[in-house]
Amino acid sequence: MLVSGLLTGARARAPLRASLLETWRLRGRTASSYSASSEPSKVRALIYGNHGDPAKVIQLKNLELTAVEGSDVHVRMLAAPVNPADINMIQGNYGLLPKLPAVGGNEGVGQVVAVGNSVSGLKPGDWVILTSAGLGTWRTEAVFSEEALIQVPKDIPLQSAATLSVNPCTAYRMLMDFEQLQPGDSVIQNASNSGVGQAVIQIASALRLKTINVVRDRPDIQKLRNKLKDLGADYVLTEEELRMPETKAIFKDLPLPRLALNCVGGKSSTELLRHLARPLWKSHSPPKGL
């Protein structure tokens, strides 16, 4: 989910919506470097003062922007997504928890407005993303330290830039860290239409790797097949199709997968393992019974 548009409304509660919004212009520094303003301000942020249900603890507030000095960089946020980890952090059950009160959001892209006199690697107009989580991207503007930012090209789509630091990096590391894959090798994965799954397809295609992509069946399955194949997928199968004997015919045209990527667990991951050339898999949740 990508959040966008100007934050509006004064101190009203702002439940996280399941619909796609499109570009916030977000602001502040880190969770501990801002102060709430009693007067209306151009700097708006979604803040939580304690952990709990995001719809109940998130509030839209006015903030004061800290002065830009030394290695500081003033950034106008262009877009920020809503990831499951963002929700978990607000609920208080994530591995990394910022000091409260905190601004929500861990990922996003912004444009440099001004820099301190010690900043050498960034200039006004540059697009930047954050180097770590917990800094708070759900705001219109912010002042970050230069070391907390990485410059990204301005000619990539805004939505791609805003979601660059989590799913694509995860996909790349899974493809590179567990097996020395060579062009022509194949990889099998489930949940292939997830953010990470789609990144795996595109990166694998660029590396000239073949992908077998497993998804859950649905009424518009052909539409999903077309979408994933447009991204570079070689095969798109439902979980039911993967269990069919005819599926073995696929491996007449490509080698057995050397790597399986699992984020579902249970029977789905067991099916991936059955098609591996040898047992090597990466999973967020190990398959039951193994």
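This is a short selection-by-selection tour of one chain, from the overall fold to a pocket, the salt bridges and one loop residue.

**Whole chain**

Start with everything shown as cartoon. The model is predicted. The chain has 290 residues, and 47% of them count as buried. Colour by secondary structure: there are eight helices and 15 strands. Now turn on contacts between residues at least 6 apart in sequence. Of these, 67% join residues at least 24 apart.

**The largest pocket**

Select residues 43-162 as domain 1 and residues 166-275 as domain 2. Where does the largest pocket lie relative to them? Both domains give residues to its lining, so the pocket lies between them. Its space comes to about 1,100 Å³.

Next, show the lining, which is made up of 37 residues. For the centre of the pocket, pick Glu107, Thr163, Val166, Asn167 and Pro168, the lining residues nearest to it.

Then highlight the elements that each supply at least two lining residues:

- helix H2, residues 84-91
- strand S8, residues 127-130
- helix H3, residues 158-162
- helix H4, residues 167-177
- helix H5, residues 195-206
- helix H6, residues 221-231

Which of the helices gives the most to the lining? Zoom in on H5: this helix contributes six residues, the most. Recolour the lining by class. You should get 21 nonpolar residues, 13 polar ones and three charged ones.

**Salt bridges**

Clear the pocket and show charged side chains. The count of salt bridges is eight.

Go to Asp126 and Lys123 first. Their side chains form a salt bridge, with N and O 3.0 Å apart. Is Asp126 buried or exposed? Asp126 counts as buried, at 5% relative accessibility.

Now centre on Glu271. This residue has a salt bridge to Arg243, at 3.9 Å from N to O. The pair links distant parts of the chain, 28 residues apart. Glu271 sits in helix H8 (residues 266-274), while Arg243 is in the loop between helix H7 (239-242) and strand S14 (259-262).

Keep Glu271 selected and add Arg274. These two also form a salt bridge, with the closest N and O atoms 2.6 Å apart. Why are they about one helical turn apart? Glu271 and Arg274 are three residues apart in helix H8, so about one turn separates them.

Switch to a surface coloured by relative accessible area. The three residues fall into these classes:

| Residue | Relative accessible area | Class |
|---|---|---|
| Glu271 | 10% | buried |
| Arg243 | 40% | partly exposed |
| Arg274 | 60% | exposed |

Glu271 falls under the 20% cut-off for buried, and Arg274 is over the 50% cut-off for exposed.

One more selection belongs here: Glu179, Asp185 and Arg258. Salt bridges that share partners join these residues into one network.

**Asp217 and its contacts**

Finish at Asp217. Find this residue in the loop between strand S12 (210-215) and H6. H6 is among the helices that line the largest pocket. Asp217 counts as partly exposed, at 48% relative accessibility.

What does Asp217 touch beyond residues up to four places away in sequence? Select Thr238 and Glu240: both are in contact with Asp217. Draw a C-alpha to C-alpha distance from Asp217 to Thr238. The distance is 5.4 Å in space, across 21 residues in sequence.

Methods
Residues are numbered from 1 along each chain as its sequence is written. This is a predicted model: local features need pLDDT of at least 70, side-chain atom pairs count only at pLDDT 80 or more; totals for chains, interfaces and linings use all residues. Side-chain values use heavy atoms; hydrogens and water are left out. On a 1 Å grid over the protein atoms alone, a cavity is a set of points where a 1.4 Å probe fits but cannot get out, and a pocket is an open set with protein on both sides within 12 Å along at least five of seven lines; lining residues have an atom within 4 Å of a point. Grid points are joined across faces, edges and corners, and a volume is the space filled by probe spheres set on the points. Helices (H or I, at least four residues) and strands (E, at least two) are DSSP runs, numbered from the N terminus. Ala, Val, Leu, Ile, Met, Phe, Trp, Tyr, Cys and Pro count as nonpolar, Asp, Glu, Lys and Arg as charged, and the others, Gly among them, as polar. Domain bounds come from an automatic or database domain assignment. A salt bridge is a side-chain nitrogen of Lys or Arg within 4 Å of a carboxyl oxygen of Asp or Glu. Buried means under 20% relative accessible area, exposed over 50%, partly exposed in between (1.4 Å probe, protein chains only). Contact means heavy atoms within 4.5 Å.
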